Amino acid sequence: ETRAFTASLNLPPQATTEVIFVQQEFSPKLSALDRDRDLTANERDARAYALAKDARDRLMRVLGPENFEAYKRRGGAWLGSALNRAPPSTPAP
């Protein structure tokens with residue numbers, strides 16, 4: 001799915017590799033946070049948001065802002081949900 005998406009944008013093969021690498025790096029970390037019951041809900045949300053923001057920044061460098069938004073809609077739901085978890089004191093992007 002990621003290969004088809006990046007190919008549809010005429011991005012080089014290394015873009016596909018980087019997008020997959022970012023997802024493989026960050027998805028397990030986000031899942032681990034959800035399972036960590038030693039944290040309060042706000043702490044989990046703040047940490048998930050920080051991780052997702054790092055992933056977003058890396059993906060935006062690879063895809064560009066417009067293509068990043070398309071990625072969130074077509075295969076990046078794992079990231080979009082984490083970016084929406086900003087605690088009340090932190091504005092979401």
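These notebook entries record what I looked up in this structure, which is a predicted model.

**Entry 1. Helices α2 and α3**

I began with the pairing of α2, residues 13–35, and α3, residues 41–63. I noted that their axes come within 10 Å and cross at roughly 180 degrees. Angles over 145 degrees count as roughly antiparallel, and that makes α2 roughly antiparallel to α3.

I then listed the residues that make the contact. On the α2 side I found Ala15, Glu18, Val19, Phe21, Val22, Glu25, Phe26, Lys29, Leu30, Leu33 and Asp34. On the α3 side I found Arg44, Arg47, Ala48, Leu51, Asp54, Ala55, Arg58, Leu59, Val62 and Leu63. I sorted them by class and obtained 13 nonpolar, no polar and eight charged residues.

**Entry 2. Helices α3 and α4**

I next examined α3 with α4, the latter spanning residues 65–74. Their axes come within 7 Å and cross at roughly 120 degrees. That makes α3 oblique to α4. I recorded the crossing as right-handed.

Which residues of α3 meet α4? I found Arg56, Leu59, Met60 and Leu63 in α3, set against Pro65, Asn67, Phe68 and Tyr71 in α4. The residues of this contact divide into six nonpolar, one polar and one charged.

**Entry 3. The two sides of α4**

I asked which residues of α4 are buried. They are Phe68, Ala70 and Tyr71. Seen down the axis of α4, the buried residues fall within an arc of 160 degrees, so they line one face of the helix. I checked the face turned away from this buried side and found that it carries the exposed residues Pro65, Glu66 and Arg73.

I also looked for the partners of the buried side. The buried residues of α4 pack against α1 (2–8), α2, α3 and α5 (77–83).

**Entry 4. Leu59**

I returned to Leu59, which lies in helix α3 and appears in the contact of α3 with α2 as well as in that with α4. Is Leu59 buried or exposed? I recorded Leu59 as buried, with a relative accessible area of 0%.

Not counting residues up to four places away in sequence, Leu59 touches Val19, Val22, Gly64, Phe68, Tyr71, Trp78 and Leu79. Phe68 and Tyr71, listed here, are also among the buried residues of α4. For a distance along the model, I took Leu59 and Glu43, which are 16 residues apart in sequence and 24 Å apart in space, C-alpha to C-alpha.

**Entry 5. Thr6**

I moved to Thr6, which lies in helix α1. Thr6 is buried, with a relative accessible area of 1%. Leaving aside neighbours within four places in sequence, I found Thr6 in contact with Leu11, Ala15, Thr16 and Leu63. Of these, Ala15 and Leu63 also take part in the contact of α2 with α3.

I noted one separation as well. The C-alpha atoms of Thr6 and Arg35, 29 residues apart along the chain, are separated by 32 Å.

**Entry 6. Asn10**

I closed with Asn10, which lies in the loop between α1 and α2. Where Thr6 is buried, Asn10 is exposed, with a relative accessible area of 68%. I recorded the phi of Asn10 as near 60 degrees, a positive value in a residue other than glycine. Most residues other than glycine have a negative phi.

Note on methods
Residues are numbered from 1 along each chain as its sequence is written. This is a predicted model: local features need pLDDT of at least 70, side-chain atom pairs count only at pLDDT 80 or more; totals for chains, interfaces and linings use all residues. Side-chain values use heavy atoms; hydrogens and water are left out. Axes are lines fitted to C-alpha atoms, for helices over the stretch in contact, and angles run from 0 to 180 degrees between N-to-C directions. Helices (H or I, at least four residues) and strands (E, at least two) are DSSP runs, numbered from the N terminus. Angles under 35 degrees count as roughly parallel, over 145 as roughly antiparallel, 65 to 115 as roughly perpendicular and the rest as oblique. A crossing is left-handed if the near helix is turned anticlockwise from the far one by less than a right angle, and right-handed if clockwise. Contact means heavy atoms within 4.5 Å. Ala, Val, Leu, Ile, Met, Phe, Trp, Tyr, Cys and Pro count as nonpolar, Asp, Glu, Lys and Arg as charged, and the others, Gly among them, as polar. Buried means under 20% relative accessible area, exposed over 50%, partly exposed in between (1.4 Å probe, protein chains only). The arc is that of the directions from the helix axis to the C-beta atoms.
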